[in-house]
Amino acid sequence: QSTASDDSAAHVDNLEVIGFEERKNPKKEFVFLIDVHWSDGRTMRVRRSHEKLFRFQCSLLDTFPEEAGQSETRKRRIPYLPGKKFFRGNSRSVAQERLPQLQEYVSKLMSDVDESILRSDVVRAFFSPHPEDLTRSRSQDRLLVGED
């Protein structure tokens, strides 16, 4: 997997976690809605489960070991993503608890990492629309933001 990227292609300019929604595909899960602002002016909404965000985080750490703090010469720049909650299930309360944590994570990702990471194929591929982002789900109108 290449870490280089084509500088002429659009890259992630900003990220905003705006809420979460329930999906049943095929099992019940909560996905986080992220508005991705691209350098070419487009804004797209993507949906990512915490599990996919966690795999993305692992990919970043593996692809950029120095920025992950695995070098004695460099301080960690990639922010920490809170891990999985065991025995709590995939509930609305867990998603609600994770929402501000993910908002802080993407804020730090945008402000703390080197721009070359934000331009990387790893970041570009993860935040580019996936097929599930392009199909309208029945739950799409049930956007849940941190209220009870």
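Which elements do the buried residues of α2 pack against? Keep that in mind as you work through these points.

1. **What you are looking at.** This is a predicted model, in which local features need pLDDT of at least 70 and side-chain atom pairs count only at pLDDT 80 or more, while totals for chains, interfaces and linings use all residues. Residues are numbered from 1 along each chain as its sequence is written, and side-chain values use heavy atoms, with hydrogens and water left out.

2. **The overall plan.** The chain has 5 helices and 3 strands; here helices (H or I, at least four residues) and strands (E, at least two) are DSSP runs, numbered from the N terminus. Reading from the N terminus, you will meet the elements in the order β-β-β-α-α-α-α-α. Of the chain's 148 residues, 39% count as buried. Buried means under 20% relative accessible area, exposed means over 50%, and partly exposed lies in between, using a 1.4 Å probe and protein chains only. Take the contacts (heavy atoms within 4.5 Å) between residues at least 6 apart in sequence: 62% of them join residues at least 24 apart.

3. **Helix α2 and the opening question.** The buried residues of α2 pack against β1 (12–24), β2 (28–38), α1 (50–63) and α3 (115–118). Among those buried residues are Val94, Leu99, Tyr105 and Met110. Helix α2 covers residues 92–112, and at 1.5 Å a residue its 21 residues should span 30 Å; the end C-alpha atoms are 30 Å apart, which agrees. The expected span is 1.5 Å times one less than the number of residues. Look for the bend too: α2 turns by about 30° at leucine 99, with proline 100 following within four residues. That bend is the angle between axes fitted to the seven residues ending at a residue and the seven starting there.

4. **The nonpolar core.** A nonpolar core is a set of buried Ala, Val, Leu, Ile, Met, Phe, Trp, Tyr and Cys residues joined through side-chain atoms within 4.5 Å. The largest one has 33 residues, and Leu15, Phe56, Leu60 and Phe127 touch the most other members. The elements giving two or more residues to this core are β1, β2, α1, α2, α3 and α4 (121–127). Of these, α2 gives the most, with 7 residues. For a closer look, try leucine 60: setting aside residues up to four places away in sequence, leucine 60 touches Ile78, Tyr105, Leu109, Ile117, Val122 and Val123.

5. **Salt bridges.** Side chains of opposite charge can pair when their charged atoms come close. A salt bridge is a side-chain nitrogen of Lys or Arg within 4 Å of a carboxyl oxygen of Asp or Glu, and the structure holds 9 of them. In one, arginine 45 pairs with aspartate 35, with the closest N and O atoms 2.7 Å apart. Arginine 45 lies in strand β3 (residues 43–49) and aspartate 35 in strand β2, so this pair ties together parts that are 10 residues apart in sequence. Arginine 45 is partly exposed at 38% relative accessibility, whereas aspartate 35 is buried at 12%.

6. **Two pairs involving helix α1.** Glutamate 51 and arginine 55 form a salt bridge (2.8 Å, N to O). Both lie in helix α1, 4 residues apart, which is about one turn of the helix. Lysine 52 pairs with glutamate 132, the closest N and O atoms being 2.8 Å apart. Lysine 52 is in helix α1 and glutamate 132 in helix α5 (residues 131–134), so this salt bridge ties together parts 80 residues apart in sequence.

7. **Two histidines to compare.** Histidine 50, in helix α1, counts as buried because its relative accessibility is 5%. Its side chain reaches the backbone oxygen of proline 82 at 3.1 Å. Histidine 130 sits in the loop between α4 and α5 and counts as partly exposed at 22% relative accessibility. The side chain of histidine 130 makes a polar contact with the side chain of arginine 48 (3.3 Å). A polar contact is a pair of N or O atoms within 3.5 Å; within protein, one must be able to donate a hydrogen and the other to accept it, and residues adjacent in sequence count only if both atoms are side-chain atoms. The backbone oxygen of alanine 125 also lies 3.2 Å from a polar atom of the histidine 130 side chain.
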